[in-house]
Amino acid sequence: MGQPTHDTTTAESQTPNTSTPAEAAPESPTEAAPQPEPTGSTGAAPQTELTGAAAMFANDRASQHLGITVDDHGPGWAQCSMRVTDIMTNGHDITHGGYIFLFADTTFAMACNHPGSITVASGGDIDFLKPTYLGDELVARGHEVIKQGRSGIYDVTVTRGDDIIATYRGRSRTLPARK
C-alpha cells in the first residue's frame with residue numbers, strides 16, 4: 001500500500017513520514033527493536049517510554065481486541081487495518097455500524113495524538129456509504145484538516161479495496177499538561 005493521503009493545506013499540518021516502514025523508528029512495543037545493554041550495566045535493558053499515539057495504542061485494549069492494526073502513522077495522519085469478524089456482524093449479516101465507528105475513531109486517535117500530548121475526541125460523526133461483510137478487509141486513512149491551539153478537526157476515510165464504505169469527521173481536544 002502507498003503512503004496515506006495527507007492534507008497539506010493548513011499551516012500547522014506536517015508532512016507524513018516519507019521513510020519506508022523498515023527505515024521508520026519503531027512506534028509500538030511490538031515493533032521496538034531490542035535495546036543494547038549499556039556497558040557495565042546489571043543486565044537490565046533501559047526502558048524507552050512510549051509517547052503520543054504509540055502510548056495510547058499500547059493501552060487500547062478495545063482496538064487490540066478487535067484486531068485493529070496500525071499500519072503507519074505520523075504527526076497529523078494515520079492508517080489502520082481491520083478484518084470484519086463474525087462478532088462484528090449484526091442481524092442483517094452486515095458489519096454493525098458501531099464497529100465501523102470504533103475503527104474510524106481509533107484511526108482518528110492515532111492521527112491526533114502527537115508525542116508528548118494527550119488528545120481526546122470532543123466529538124465525531126460518521127456517514128455509512130456501503131455495507132461490509134464477514135471477512136472484509138477494511139483500511140482507514142485519517143488526516144488532520146486543521147489544528148488551532150488545543151482543538152483539531154480530522155477526516156478519516158474507511159475503504160474496502162477501492163470502495164469508500166464510510167467517512168468520519170472527528171473533533172479533537174488536547175488536554176493541558178498534568179500538574
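**Exercise 1. Check the length of helix H3 against its expected span.**

Step 1. Take the rule: the expected span is 1.5 Å times one less than the number of residues. Helices (H or I, at least four residues) and strands (E, at least two) are DSSP runs, numbered from the N terminus.
Step 2. H3 has 16 residues, so at 1.5 Å a residue it should span 22 Å.
Step 3. The end C-alpha atoms of H3 are 22 Å apart, which agrees.

A note on the model: it is predicted, so local features need pLDDT of at least 70 and side-chain atom pairs pLDDT 80 or more, while totals for chains, interfaces and linings use all residues. Residues are numbered from 1 along each chain as its sequence is written, and side-chain values use heavy atoms, with hydrogens and water left out.

**Exercise 2. Find which element gives the most to the largest nonpolar core.**

Step 1. Define the core: buried Ala, Val, Leu, Ile, Met, Phe, Trp, Tyr and Cys residues joined through side-chain atoms within 4.5 Å. Buried means under 20% relative accessible area, exposed over 50%, partly exposed in between (1.4 Å probe, protein chains only).
Step 2. The largest core has 25 residues. Phe103, Leu138, Val156 and Val158 have the most contacts inside it.
Step 3. Elements giving two or more residues include helix H1 (52-58), helix H3 (97-112) and strand S5 (151-160).
Step 4. H3 gives the most, with seven residues.
Step 5. Look at burial in H3: among its buried residues are Ile100, Phe103, Ala104 and Phe108.

**Exercise 3. Describe how strand S2 is placed and paired.**

Step 1. Six of the seven residues of S2 are buried, so the rest of the structure largely encloses this strand.
Step 2. Two strands pair if DSSP finds at least two bridges between them. S1 (residues 69-74) and S2 run antiparallel, joined by five bridges. Gly74 has Trp77 as its bridge partner in S2.
Step 3. S1 and S2 form a hairpin with two residues between them. Gly76, in the turn, has a positive phi of about 90 degrees.
Step 4. Seven bridges join S2 to S4, also antiparallel. Here Ser81 has Val139 in S4 as its bridge partner.

**Exercise 4. Classify the ring pair of Phe108 and Tyr168.**

Step 1. Rings of Phe, Tyr and Trp (its six-membered ring) pair if their centres lie within 6.5 Å; planes under 30 degrees apart are stacked, over 60 edge-to-face, the rest tilted.
Step 2. The structure holds three aromatic pairs. For Phe108 and Tyr168, the centres are 5.7 Å apart and the planes differ by 50 degrees: tilted.
Step 3. Phe108 lies in H3 and Tyr168 in strand S6, so the pair ties together parts 60 residues apart in sequence.
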